[in-house]
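Me: I am new to this structure and should be grateful for a close look at one part of it. Please describe that part in detail, and then set it in the context of the rest of the chain.

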Amino acid sequence: MTSTILREMIHGRLPWEELRSVPRQSPADRLAGDEAVALLEKVLDEHLDALALDHDERMPDALVRALTDGGFLAMSLPRQDGGLGLSEYSAFRVYEAAAHRSPAVGMLLSAHNSMGPGTYLRALPEGPLRTLLAKHLAAGSLSAIASTEPEGAANSDRSAGARRTEDGTGYLLNGEKVFISNGSRARLVAVTATVEDSGGQVGLFFVEVPTPGFEVVAEHEYMGLRGAPSAHLRMTDVFVPVEHTVSAHAEWRSASPFAELHTVARIYLISAPSMAIARRCLDWSRSFVAGRRVDGRPLADYEAVQRMIAASAADVYAMDSAVRRALIGTEATESQWERDALKNITSLSGWRVADRAVSLCAAQGFETARSKAARGVPAYPVEQAQRDLRGLRIGGGVDFNLDRVLAARMLATYYRGGPERNPGGERPTPDALETGALSEANRDHLTALVQDVRRLGEVCAELTGSTPAPELLARQETLIAVNRIVTELFTTAVVLARAAWSDDEPQAQDLAAVHCHGARRRLTPLWDQVSQQLPEAYGRLSRAWMSGAPTDLLTP
Ligand SMILES: Cc1cc2nc3c(=O)[nH]c(=O)nc-3n(C[C@H](O)[C@H](O)[C@H](O)COP(=O)(O)OP(=O)(O)OC[C@H]3O[C@@H](n4cnc5c(N)ncnc54)[C@H](O)[C@@H]3O)c2cc1C
């Protein structure tokens with residue numbers, strides 16, 4: 001696997017020349033995306049009441065049927081096979097458009113398309129499993145992937161078990177799965193389970209529903225993403241023919257092509273709705289602020305408000321730049337690290353934008369859309385945006401835990417040695433860089449970026465040179481800081497490159513300048529976090545609290 005930009009940056013080098021080619025969709029690809037978005041919007045206009053969906057309604061059957069008829073349950077397939085034949089970025093735009101109207105609808109579509117039969121179909125050879133998946137695609141069956149268990153998704157093992165039948169024709173699945181998107185309505189469920197007597201190997205088993213022993217225990221009700229069917233599932237001796245399984249081997253979940261498929265799935269599931277919600281919050285912030293005066297002065301004239309509006313605009317620009325960089329014109333195997341980084345970049349930036357929107361709209365930000373509609377106030381669902389985004393920070397892996405895992409993968413390249421071991425290789429000096437259309441302020445930010453990237457390489461070399469790998473892996477706060485620094489620097493790099501080489505974006509210089517200023521503020525405490533061990537008092541206090549003391553904190 002050859003990951004480029006992040007691999008360079010973690011080793012102290014800024015690949016500015018590579019960043020120079022700003023990713024753009026071809027006109028034909030753009031048009032295909034526009035057409036699909038227009039078709040989707042027509043379906044949603046006709047069948048979706050987004051406010052009702054957020055208020056305790058089930059996803060209407062008529063909507064799911066219309067989405068199926070429109071080809072939206074086979075989005076990833078080529079046109080000749082009944083799909084929409086979209087590129088990855090055009091598909092992202094469709095998921096974003098769905099989430100723009102209702103994050104729950106976006107979740108239903110992306111969970112099905114990015115982890116369902118269409119996805120696996122492309123990765124499987126001819127045979128009975130491929131035939132099964134094709135059959136369900138043709139029938140428009142909704143699908144789900146069931147991996148998370150009541151014991152916690154972060155465990156590498158799976159408690160659900162698969163026991164080979166005595167006649168060898170299949171497996172019997174037993175176990176429970178929770179938080180499964182589309183779980184209550186899926187007709188095909190891909191289940192992860194540990195194969196008995198295999199040394200703990202986890203396989204993927206495709207279950208056709210309904211089938212004896214397969215039970216929907218309950219539908220989950222979340223604080224956000226309401227209306228998206230999500231379920232707790234139980235399997236008791238569910239039979240799966242042996243040919244309907246992806247053979248278990250220790251590495252399949254992290255090996256090609258499944259690793260790349262799961263990465264793209266997370267982008268569609270998490271980054272597309274994060275992007276949609278952030279854009280909407282930016283829009284609502286403008287509408288609200290434009291209509292307010294405080295003490296005779298437009299609210300938009302106050303410095304603190306301008307800072308928040310500009311910071312949100314810059315966050316949206318940065319999210320959009322990172323998504324384009326990772327998805328347009330790149331191969332999944334080449335850009336896997338950048339793609340994996342998108343989950344936290346988009347959900348955490350989106351969270352900041354939604355939080356600012358709630359602050360700016362104040363009590364109207366806290367008030368539900370239904371309540372606002374009832375009294376004739378513009379019914380922007382700002383509080384829903386924040387509830388929905390909170391779920392996006394959890395789905396696909398909790399943000400801080402993902403930071404830790406991604407940093408460990410990057411730092412492993414130091415321990416493995418080789419030419420990358422020494423971060424003192426060729427690195428550009430700021431003066432030698434071509435700066436395109438960058439303003440003076442942004443040229444200064446580029447200089448700071450080069451220095452920060454170099455500092456990152458030095459910090460990583462120092463950490464890995466002085467600390468054995470198992471010890472560094474235990475320093476989770478350090479790892480979290482490493483990934484947060486890398487993602488801030490990556491986002492800053494793509495933003496500056498876009499501002500340098502896109503001559504058709506009028507606000508690009510200010511968007512970049514505001515982004516860089518905010519990123520540098522966020523970086524300051526991260527440099528402390530990465531270089532200083534957590535004071536021992538944290539561990540002591542946490543252990544004391546977890547063992548039952550001090551109890552007086554629980555009483556007023
Ligand atoms: C909207 C949504 C949609 C979802 N869709 C699906 C789906 O379709 N299919 C599916 O299988 N699952 C799905 N999930 C489940 C989701 O992937 C998990 O909820 C998520 O990965 C977190 O797992 P968990 O809730 O089991 O928490 P756990 O993994 O138990 O984690 C609990 C806490 O421990 C922390 N933690 C875990 N490991 C470590 C560690 N080593 N060091 C330090 N801290 C650690 C976590 O960060 C977290 O704070 C969905 C969840 C949501 C919210």
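Reply: The span of residues 35-117 is 66% helix and 0% strand, and its end C-alpha atoms lie 24 Å apart. Helices (H or I, at least four residues) and strands (E, at least two) are here DSSP runs, numbered from the N terminus. An unreviewed UniProt entry annotates residues 35-117 as "domain: Acyl-CoA dehydrogenase/oxidase N-terminal". UniProt positions follow the numbering used here, feature names are shortened, and such annotations may be inferred rather than shown by experiment.

The model is predicted, so local features need pLDDT of at least 70 and side-chain atom pairs count only at pLDDT 80 or more, while totals for chains, interfaces and linings use all residues. Residues are numbered from 1 along each chain as its sequence is written, and side-chain values use heavy atoms, with hydrogens and water left out.

The domain assignment places residues 27-139 in domain 2, beside domain 1 (5-18 + 257-531) and domain 3 (143-250). These bounds come from an automatic or database domain assignment.

Within domain 2, the side chains of R101 and D45 form a salt bridge, with 2.5 Å from N to O. Because R101 belongs to helix α6 (residues 88-101) and D45 to helix α3 (residues 27-47), this pair ties together parts that are 56 residues apart in sequence. A salt bridge is a side-chain nitrogen of Lys or Arg within 4 Å of a carboxyl oxygen of Asp or Glu, and by this rule the count comes to 29.

The meeting of domain 2 with domain 1 comes next. The centres of the two domains, taken over C-alpha atoms, are separated by 27 Å. Contact (heavy atoms within 4.5 Å) joins 30 residues of domain 1 to 22 residues of domain 2. The size of an interface is often given as the accessible area lost when the parts come together. Here domain 1 and domain 2 bury about 2,400 Å² between them, with 68% of that area on carbon and sulfur atoms. L261, Y268 and L269 supply 26% of the area that domain 1 buries against domain 2, more than any other three residues. Buried area is the accessible area (1.4 Å probe) that two parts lose on being put together, summed over both.

Charged and polar pairs also cross this interface. Three salt bridges are found between domain 1 and domain 2. R387 and D54 meet through their side chains in a salt bridge of 2.8 Å, N to O. On the side of domain 1 that touches domain 2, α10 (258-290), α11 (303-327), α13 (369-374) and α14 (382-392) each supply at least two residues. Of these, α10 gives the largest share, 16 residues. By class, that side has 18 nonpolar, four polar and eight charged residues. In this scheme Ala, Val, Leu, Ile, Met, Phe, Trp, Tyr, Cys and Pro count as nonpolar, Asp, Glu, Lys and Arg as charged, and the others, Gly among them, as polar.

For the partner side, UniProt lists residues 270-409 as "domain: Acyl-CoA dehydrogenase/oxidase C-terminal" in an unreviewed entry. This span is 75% helix and 3% strand, and its end C-alpha atoms lie 21 Å apart. Further along the chain, helix α19 (residues 508-531) contains Q509. The C-alpha atoms of Q509 and S439 are 6.3 Å apart, although the two residues are 70 residues apart along the chain. The side chain of Q509 reaches the backbone oxygen of A437 at 3.2 Å and the backbone nitrogen of S439 at 2.9 Å.

The remaining annotated span has another make-up. UniProt places "domain: Acyl-CoA oxidase/dehydrogenase middle" (unreviewed entry) at residues 144-238. That span is 0% helix and 52% strand, with its end C-alpha atoms 16 Å apart. Most residues other than glycine have a negative phi, and most peptide bonds are trans. N182, in the loop between β3 (170-181) and β4 (188-195), has a positive phi of about 70° although it is not a glycine. The peptide bond from V209 to P210 is cis, with omega near 5°, and P210 is placed in the loop between β5 (202-208) and β6 (214-219).

Definitions and conventions:
A polar contact is a pair of N or O atoms within 3.5 Å; within protein, one must be able to donate a hydrogen and the other to accept it, and residues adjacent in sequence count only if both atoms are side-chain atoms.
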